[in-house]
Amino acid sequence: MRRVDLRHLKSEFLIALGQQIKASEADEVIIFLFEIGDFNGVAKAVNLAYNLNCEVMNSLKFNQVDWVLTIKKGKI
């Protein structure tokens, strides 16, 4: 399990999220932390994870501006 902090990317976090998922091993659990701004970013992040063969294990608001998305990469 590893944690990836993407908050510094603000609303441009989706590309980095996808790259991190693609670089991960099968069955690896990754906790992503990113800034939400509005909730469209959350929906896009969840859809991206599903499209990259990942199970979304948890998705929750961490505080007023940050979101935590926990995924498990599926087997290829």
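This report describes the sheet, the helix packed on it and the nonpolar core of a predicted model.

Residues are numbered from 1 along each chain as its sequence is written, and side-chain values use heavy atoms, with hydrogens and water left out. In this predicted model, local features need pLDDT of at least 70 and side-chain atom pairs count only at pLDDT 80 or more, whereas totals for chains, interfaces and linings use all residues.

**The sheet**

Four strands form an open sheet of mixed pairing, in the order 1-2-4-3. Its edge strands, each pairing on one side only, are strand 1 (2-5) and strand 3 (54-61). Neighbouring strands of the sheet are turned by 20° against each other on average, direction ignored. Helices (H or I, at least four residues) and strands (E, at least two) are DSSP runs numbered from the N terminus, and two strands pair if DSSP finds at least two bridges between them. Axes are lines fitted to C-alpha atoms, for helices over the stretch in contact, and angles run from 0 to 180 degrees between N-to-C directions.

Two of the pairings involving strand 4 are set out below.

| Strand pair | Sense | Bridges |
|---|---|---|
| Strand 2 (residues 29-35) and strand 4 (residues 66-73) | antiparallel | seven bridges |
| Strand 3 and strand 4 | antiparallel | seven bridges |

Within strand 4, threonine 70 is the bridge partner of isoleucine 31, and tryptophan 67 is the bridge partner of lysine 61. Strand 3 and strand 4 also form a hairpin, with four residues between them.

**Helix 2 and the core**

Helix 2 (residues 40-51) packs on the sheet, where it touches strand 2, strand 3 and strand 4, and its direction makes about 165° with that of strand 3; contact here means heavy atoms within 4.5 Å.

The largest nonpolar core has 18 residues, and those with the most contacts inside it are Leu6, Leu17, Ile21, Phe32, Phe34, Leu69 and Ile71. Helix 1 (14-23), strand 2, helix 2 and strand 4 each supply at least two residues of this core, and its largest share, four residues, comes from helix 2. Such a core is a set of buried Ala, Val, Leu, Ile, Met, Phe, Trp, Tyr and Cys residues joined through side-chain atoms within 4.5 Å; buried means under 20% relative accessible area, exposed over 50%, and partly exposed in between (1.4 Å probe, protein chains only).

Leaving aside neighbours within four places in sequence, leucine 6 is in contact with Phe13, Ala16, Leu17, Phe32, Leu33 and Phe34.

**Serine 24**

Serine 24 lies in the loop between helix 1 and strand 2, and it counts as buried because its relative accessibility is 7%. Beyond its neighbours within four places in sequence, serine 24 is in contact with Arg2, Ile30 and Lys73.
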